[in-house]
Amino acid sequence: ALIQGVGKRNIEIYPYVVVPFVESWRQPWKINQDYWTPNNPNALFPRLYLEGTQNTVASTKWIQNAAYIRLKNLQIGYTLPQRMTKIVKIQKARVYFTGQDIWEKTKMWYKYFDAENPNNAAYNYPFFRSYAIGLNVTF
């Protein structure tokens, strides 16, 4: 198992990533429902306008605590006892599970950001997790 993380780190979310209507294809997300109104003056987002740059004016609310801990790699395996494998003329058999970037914990409200990214959240590919199960057999 490999666990890694960062104990103290702040980043500012790039406004064009989280704000809708900047381009025609950027539609509001669920997080964009917390926008400014007279009844909600401490909102996370400004009042949303179709087009225009006022949607992208940065806010200190977009500074994120980017500290994290992540289970980067895990491999678990079991080698079957030889008394079981000899019956079917197998020298050795091992069953295993392996995974990359399986789990992490962060306090960021913007969940689409890879905490290991040294830069800002931007137009990146989605963060992928990978898992595999396998069987190694020696005859």
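**Salt bridges and a surface patch**

Val137 counts as partly exposed, because its relative accessibility is 32%. (Buried means under 20% relative accessible area, exposed over 50%, partly exposed in between, with a 1.4 Å probe and protein chains only.) The model is predicted, so local features need pLDDT of at least 70 and side-chain atom pairs pLDDT 80 or more, while totals for chains, interfaces and linings use all residues. Residues are numbered from 1 along each chain as its sequence is written, and side-chain values use heavy atoms, without hydrogens and water.

Stay with Val137 for a moment. This residue sits in strand 6, which covers residues 130-138. Val137 also belongs to a nonpolar patch on the surface. Its partners there are Val95, Leu135 and Phe139. Together the four residues offer about 400 Å² of accessible area. (Patch residues have over 30% relative accessible area and no salt bridge; like charges are joined within 9 Å, nonpolar side chains, Val, Leu, Ile, Met, Phe, Trp or Tyr, within 5 Å.)

Now step back to the whole chain. How many helices and strands does the protein chain have? There are two helices and six strands. (Both are DSSP runs numbered from the N terminus: helices are H or I with at least four residues, strands E with at least two.) Follow the sequence and the pattern reads β-β-α-β-β-α-β-β. The protein chain has 139 residues, and 27% of them count as buried. Its accessible surface comes to about 9800 Å². Carbon and sulfur atoms hold 57% of that surface. (Areas come from the Shrake-Rupley method with a 1.4 Å probe; for residues, only the protein chains shown count as cover.)

Contacts tell of distance along the sequence. (Contact means heavy atoms within 4.5 Å.) Take the contacts in the protein chain with a separation of 6 or more. Of these, 70% join residues 24 or more positions apart.

Arg70 is the next stop. It is found in strand 4, residues 68-79. Is Arg70 buried or exposed? Arg70 counts as buried, because its relative accessibility is 1%. Leave out residues up to four places away in sequence, and Arg70 still touches a list of others. Among them are Leu2, Ile3 and Gln4, as well as Trp103, Glu104 and Phe127.

One of those contacts leads to the salt bridges. (A salt bridge is a side-chain nitrogen of Lys or Arg within 4 Å of a carboxyl oxygen of Asp or Glu.) A search of the whole structure finds three. In one of them, Arg70 pairs with Glu104, and the closest N and O atoms are 3.2 Å apart. This pair links distant parts of the chain: Arg70 is in strand 4, Glu104 in strand 5 (residues 92-106), and 34 residues separate them. Glu104 has 24% relative accessibility, so this residue counts as partly exposed.

Another salt bridge joins Asp101 and Lys72, at 3.0 Å from N to O. Again the pair links distant parts of the chain, with Asp101 in strand 5 and Lys72 in strand 4, 29 residues apart. Asp101 and Lys72 are both buried.

Glu104 has a further partner. Arg129 forms a salt bridge with Glu104, with the closest N and O atoms 2.7 Å apart. Arg129 lies in the loop between strand 5 and strand 6, and Glu104 in strand 5, so the pair ties together parts that are 25 residues apart in sequence. Arg129 counts as partly exposed, because its relative accessibility is 35%. Shared partners join Arg70, Glu104 and Arg129 into one network of salt bridges.
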